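Colleague: Please pick out the aromatic pairing and give me a close look at it. Set it against the chain as a whole.

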Amino acid sequence: MTVFLNGESRELADGASVLDVLDVLGVPRTGVAVAVDGSVVRRADWAGTALTEGARVEVLTAVQGG
Amino acid sequence: MDDTLVIGGHEIASRLIMGTGGAANLEVLERALLASGTTLTTVAMRRVDAATGTGVLDLLRRLGIEVLPNTAGCRTAAEAVLTAQLAREALETALVKLEVVADDRTLLPDPFELLDAAEQLVDDGFTVLPYTNDDPVLARKLEQVGCAAVMPLGSPIGTGLGIRNPHNIAMIVEAAGVPVVLDAGIGTASEAAQAMELGCDAVLLATAVTRAADPERMAHAMRLGVEAGRAAHGAGRIPRRYWAKASSPDPDA
């Protein structure tokens with residue numbers, strides 16, 4: 001299936017979870033947060049949240065600013 | 001006398017709150033943060049990529065500096081609320097510096113979106129520190145919806161124009177029942193001191209330090225400026241007089 005990961009289309013296995021997305025990105029599990037289709041997915045729900053075709057996934061972290 | 005700044009139940013040991021934006025690299029930032037003596041420092045939330053990493057978080061953790069996530073770049077209440085929620089999830093803090101700006105040219109807060117976002121975030125349990133215009137009426141409304149502090153600008157972000165309307169800042173301080181943090185516009189140490197002399201509880205600045213020719217020295221200067229201004233405010237300045245008043249005894253007396 002195709003999802004939009006930080007604005008770029010990516011092919012993922014059907015039924016891939018939010019946690020799988022973090023592995024695809026190769027980012028640490030701490031200091032990041034995930035929104036799917038405009039809603040925050042809590043850390044505790046990452047493994048159990050399956051993505052669906054066309055999902056818009058945003059993975060954010062803290063950078064220098066402000 | 002205990003003079004600790006408390007915002008929404010958080011004790012903040014330093015009255016100089018730093019931003020991390022604009023530093024050339026993390027080594028420069030580290031030296032500046034140490035010289036500033038800050039204990040609370042802003043970060044922005046952005047899309048992660050392999051190159052970004054979490055370097056600034058690692059640095060702040062190592063230095064024992066508390067993180068204050070901001071919602072920089074947000075134009076609407078909805079964007080700001082989602083960004084704040086993501087920051088809370090990523091950084092495990094309920095503190096948020098709420099920024100909702102109207103346009104890129106001025107980076108001035110959009111008062112309507114700001115107030116809307118502030119109310120939603122307070123209801124969601126956040127400790128909200130809104131970056132606001134130097135408008136006493138808006139500051140009062142932000143306090144009324146439950147913000148833990150108000151953070152009026154001295155002048156637009158990154159301009160270094162100092163405090164353009166000291167009287168408005170004084171009116172905000174006079175009326176506020178929550179801490180007032182002068183946020184944005186500071187260019188040099190005397191302006192940080194002026195903010196504190198006006199009665200502000202703290203100063204938040206980034207560009208003035210990170211883009212100074214020598215960020216470490218300017219960070220030290222800002223620390224001294226904030227301390228001097230705080231002390232002077234507490235000391236009670238003399239009234240302004242029109243004519244001279246001799247400070248030595250009259251020779252004929």
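Modeller: A contact here means heavy atoms within 4.5 Å. In chain B, 66% of the contacts with a separation of 6 or more join residues 24 or more positions apart. This is a predicted model: local features need pLDDT of at least 70, side-chain atom pairs count only at pLDDT 80 or more, and totals for chains, interfaces and linings use all residues. Residues are numbered from 1 along each chain as its sequence is written, chains are lettered from A and ligands numbered from 1 in the order written, and side-chain values use heavy atoms, without hydrogens and water.

Now the pair. Over all chains, the structure holds 1 aromatic pair (rings of Phe, Tyr and Trp, the last by its six-membered ring, with centres within 6.5 Å; planes under 30 degrees apart are stacked, over 60 edge-to-face, the rest tilted). The partners are Tyr242(B) and Trp243(B). Their ring centres lie 4.9 Å apart. The planes meet at 75°, so the pair is edge-to-face. Tyr242(B) counts as exposed because its relative accessibility is 72% (exposed is over 50%, buried under 20%, partly exposed in between; 1.4 Å probe, protein chains only). Trp243(B) is exposed too, at 69%.

Now the chain around the pair. Of the 253 residues of chain B, 48% count as buried. The C-alpha trace spans about 80 × 40 × 40 Å along its principal axes. Chain B has 9 helices and 10 strands (DSSP runs, numbered from the N terminus: H or I of at least four residues, E of at least two).
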